[in-house]
Amino acid sequence: MKNFSMPKQVSPTLEIDELMRLKHSLEKNVSKEVAESIIKEIPLSINSTPDIRAEWVENLSAILENRFDKKTVKNIRQECYCNENGRLEDTANKIAVINGNHESNVLASERYKGYLDGLREAGLEIREELIYQGTYKQSYAYLAAKEIFQKQDQPTAVLTCNNSLGKGYLQAVREDGKTDSYTHVSLDKIEMLDLLGIPHNYIERDSYELGKRAAELLINRIAFPEKRIQNILLEAPLFRETF
């Protein structure tokens, strides 16, 4: 592989981020038809292994260098947050979060800790300027999103910590025409979007199972107060419907 290399740290949303940037860069520097053709030619599966990612990058490098002149290849790569030699820059790993106030809200505190732990596990830098903490109201996420759009140093992904925040963020995104500018994941499914047929990325939680298990733990705690406190971790799959 001559001019393309993998980043030292791999973002947990690397595949989605890179496909989105590649698509937009090809559309801007070549054409929409070419972008769609190349994306279909070299698909990249979610949660790919490092070897598969490296092979994908090598195949992409070969396609770009065989089909386009050096100037076009350089422009395509730089639009993908790469330097002119193809190395993914740190800007590909900037994940913003919109949350409630972790100092006054227990739920917000747990989600804030999860966000920080996720960044640390992925080897990503914690950027205070990308952490938005206020209320769990739709209006707060709307204003936070507007501020994100004005940043000179842009994030590549945004995490909203409940469905109200997700609605506010998406409202701002649609108003400003930023629908394809950032990868977005909501910590709750937004039922309204399903009804409207609008795809979105979300973490699904089974509310019935949560309530059932919580009641069982409470009953058990009352019956056997001397026993150790139990913590149960339930499945919460991530559904990806968009870039």
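Being 3 residues apart in helix 5 (residues 106-121), Arg120 and Asp117 sit about one helical turn from each other; helices here are DSSP runs of H or I with at least four residues, strands are runs of E with at least two, and both are numbered from the N terminus. Arg120 and Asp117 form a salt bridge, with the closest N and O atoms 3.3 Å apart. The term stands for a side-chain nitrogen of Lys or Arg within 4 Å of a carboxyl oxygen of Asp or Glu. Asp117 has a relative accessible area of 38%, so it counts as partly exposed. That label covers the range between buried (under 20% relative accessible area) and exposed (over 50%), using a 1.4 Å probe and protein chains only.

A word on the model itself: it is predicted, so local features need pLDDT of at least 70 and side-chain atom pairs count only at pLDDT 80 or more, while totals for chains, interfaces and linings use all residues. Residues are numbered from 1 along each chain as its sequence is written, and side-chain values use heavy atoms, with hydrogens and water left out.

Now for the overall picture. The protein's secondary structure comes to 9 helices and 6 strands. Out of 243 residues, 38% count as buried. The accessible surface adds up to about 14,100 Å², and carbon and sulfur atoms hold 50% of that; areas come from the Shrake-Rupley method with a 1.4 Å probe, and for residues only the protein chains shown count as cover. Among contacts (heavy atoms within 4.5 Å) with a separation of 6 or more, 70% are between residues 24 or more positions apart.

Back to the charged pairs: the structure holds 10 salt bridges. One of them links Lys146 to Glu175, with the closest N and O atoms 3.2 Å apart. Lys146 lies in helix 6 and Glu175 in helix 7, so this pair ties together parts that are 29 residues apart in sequence. Both ends are partly exposed, Lys146 at 23% relative accessible area and Glu175 at 47%.

Helix 7 (residues 163-175) is worth a look in its own right. Its 13 residues should span 18 Å at 1.5 Å a residue, and the end C-alpha atoms are indeed 18 Å apart; the expected span is 1.5 Å times one less than the number of residues. At the N-terminal end, Asn162 acts as a cap, with a side-chain oxygen 3.3 Å from the backbone nitrogen of Ser164. Such a polar contact is a pair of N or O atoms within 3.5 Å; within protein, one must be able to donate a hydrogen and the other to accept it, and residues adjacent in sequence count only if both atoms are side-chain atoms. After the helix comes Gly177, with a positive phi near 65 degrees. Several residues of helix 7 are buried, among them Leu165, Tyr169 and Val173. Their cover includes strand 1 (95-100), helix 6 (138-149), strand 3 (157-160), strand 4 (183-186) and helix 8.

Strand 1 also carries Asn99, which counts as buried at 1% relative accessibility. The side chain of Asn99 reaches the backbone oxygen of Ala108 at 2.9 Å. Leaving out residues up to four places away in sequence, Asn99 touches Arg111, Tyr132, Cys161 and Leu165, among others.

Ser25, found in helix 1 (residues 14-29), is buried too, at 1% relative accessibility. Its side chain reaches the backbone oxygen of Ile76 at 2.8 Å. The C-alpha atoms of Ser25 and Asn75 are 8.0 Å apart, although their positions lie 50 residues apart along the chain.

Helix 8 (residues 191-196) includes Leu196, which counts as exposed at 57% relative accessibility. Leu196 joins Met192 and Leu195 in a nonpolar surface patch with about 360 Å² of accessible area together. Patches take residues with over 30% relative accessible area and no salt bridge, joining like charges within 9 Å and nonpolar side chains (Val, Leu, Ile, Met, Phe, Trp, Tyr) within 5 Å.

Last up is helix 9. Its 17 residues should span 24 Å at 1.5 Å a residue, and its end C-alpha atoms agree at 24 Å apart. Asp206 caps the N-terminal end, with a side-chain oxygen 3.1 Å from the backbone nitrogen of Tyr208. Within helix 9 (residues 207-223), Glu209 and Arg213 are 4 residues apart, which means about one helical turn. They form a salt bridge with the closest N and O atoms 3.5 Å apart. Glu209 is partly exposed at 24% relative accessible area, as is Arg213 at 26%. Salt bridges that share partners join Glu209, Lys212, Arg213 and Glu216 into one network.
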